[in-house]
Amino acid sequence: MWNFHNPVAIHAGAGSLATLPQLLAGRRAVLITFPEAAALGLEQAVADLLGPQLVAIENNVQPNPDVAWLGAMHERLWQQHPDVPCLIALGGGSVIDCAKAMLAPTPSGRFEELLTHLRQDSAFQPDPARIKTLIAIPTTAGTGSEVTPWATLWDAAGGHKYSLHRPWTWPEAALIDAELMCSLPPAATLASALDALSHALEAIWNRHRNPVSSTLAASAARSILATLPALMRQPDALALREQMAVAALQAGLAFSNTRTALAHSLSYDITLRQGVVHGIACSFSLPHILRLALGRDAAVDALLLDIFEADDAHQAVARLTAFLEALGVSTDPARYGLGEGERWDAALQQALQGPRGRNFIAAAP
């Protein structure tokens, strides 16, 4: 028995940002975006499309949304715009995750109540009549947050990472327009694409995989392997940007049903402690984890070997390693503070105990 569920309405294609007024359907909205969006002309583009329907802009979202500043934004938004029914998230995964944290009010109006829920993993049941809806418009190809219910929130001072996941954190709609991704710098293009590759592979070597998620994930992985090197050479190529956007979307749809696994579990501490950008932190370990995954399930093995056009496990691992290192991504754990040997083994064992690590096909039952 298995099921596949994803309630997000997807609207995609170059130039599809122009359909935003139709998606909004007369509702007022607040735009949540990143600081550079104004200089890139993105804020003005949305403002021109929506006119008076756009009532405010929050444009100071930083990478890895941190509770240190999320609280002030949440309280400001709910004090100033409690009756605005919709949020529009325009940006990468950090922007979309931030917007998810803004969707529901707390009884007191203080963000601390939501933070307590995250810390204690306790029930948080906001008034359903007051919850805002979310239209997610990614400007990167990789996060998958536009089609998942999860928001990764950080507490750098406290040394913690939280995952917000409630029925109301699913976006209402995702608008995928590759034209918005053409200005993405090379480093962000690479990191976001490798995040998508990790999503795809982790959806395959996952205890919660199903035929639909595996099909989407395999298609995404093949496309990323074929497209990313060319895109890094031709970052202005819209056709390549569209191919990468579709692959990232497929990977997002896949792990929206499986969740991520061991590579992401390993990544969080590396990002938190060392500041390694998420897409690199969760992809450098993929060859090591591929080696652990192979030999656990015949159908998974066949799919993974086919993706890498490999005859055996050694060849598959070698090809994934070569792919990453040709893009300038070291696969040596020592580069990330985890030298081979006892320290690396300890990190793997600790990651396997985390909620995401337990999704890995080779994790203990």
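Hi everyone, let me begin with a cysteine. Cys-182 has 24% relative accessibility, so it counts as partly exposed. Before going on, please keep in mind that this is a predicted model.

Now for another cysteine. Is Cys-98 buried or exposed? Cys-98 is buried, because its relative accessibility is 0%. For those of you thinking about disulfides, the structure has zero of them. Cys-98 is in none, and the nearest cysteine sulfur belongs to Cys-86, 15 Å away.

Let's move to the pockets. The largest pocket holds about 1,100 Å³ of space. It is lined by 46 residues, and those closest to its centre are Pro-63, Gly-92, Gly-93, Ser-94 and Thr-140. Which elements give two or more residues to this lining? They are helices H4 (93-102), H6 (186-204), H9 (262-274) and H10 (278-281), together with strands E6 (150-155) and E7 (160-165). Helix H6 gives the most, with six residues. As for chemistry, the lining of the largest pocket has 21 polar, 19 nonpolar and six charged residues.

On to the second largest pocket, with a volume of about 940 Å³. Its lining has 32 residues, and the closest to the centre are Lys-161, Ser-265, Tyr-268, Gly-354 and Pro-355. Here the elements giving two or more residues are helix H5 (111-120), strand E7, helix H9 and helix H14 (342-352). H9 makes the largest contribution, eight residues. By class, we have 14 nonpolar, ten polar and eight charged residues in the lining of the second largest pocket.

Finally, the cavities. How many cavities of 30 Å³ or more does the structure hold? There are two. The largest cavity has a volume of about 50 Å³. Among the residues lining it are Thr-140, Ala-141, Met-181, Arg-241 and Met-244. Helices H6 and H8 (238-258) each supply at least two lining residues, and H6 gives the most, with three. Six residues of that lining are nonpolar, three are polar and one is charged.

The second largest cavity contains about 40 Å³ of space. Thr-140, Ala-141 and Met-181 appear in its lining, along with others including Pro-138, Glu-146 and Leu-249. This time H8 gives the most, with three residues. The lining of the second largest cavity divides into seven nonpolar, four polar and one charged.

If you have the structure open, try finding Thr-140: it is one of the residues closest to the centre of the largest pocket, and it also lines the largest cavity and the second largest cavity. Thanks for listening!

Technical notes. Residues numbered from 1 in each chain as written. Predicted model: local features only at pLDDT ≥ 70, side-chain atom pairs only at ≥ 80, totals over all residues. Heavy atoms only, no water. 1 Å grid on protein atoms, 1.4 Å probe; cavity = no way out; pocket = protein on both sides within 12 Å on 5 of 7 lines; lining within 4 Å. Points joined across faces, edges and corners; volume = space filled by probe spheres on them. Helix = DSSP H or I, 4+ residues; strand = E, 2+ residues; numbered from the N terminus. Nonpolar A, V, L, I, M, F, W, Y, C, P; charged D, E, K, R; others polar. Disulfide = S-S within 2.5 Å. Buried < 20%, exposed > 50% of the residue type's maximum accessible area, 1.4 Å probe, protein only.
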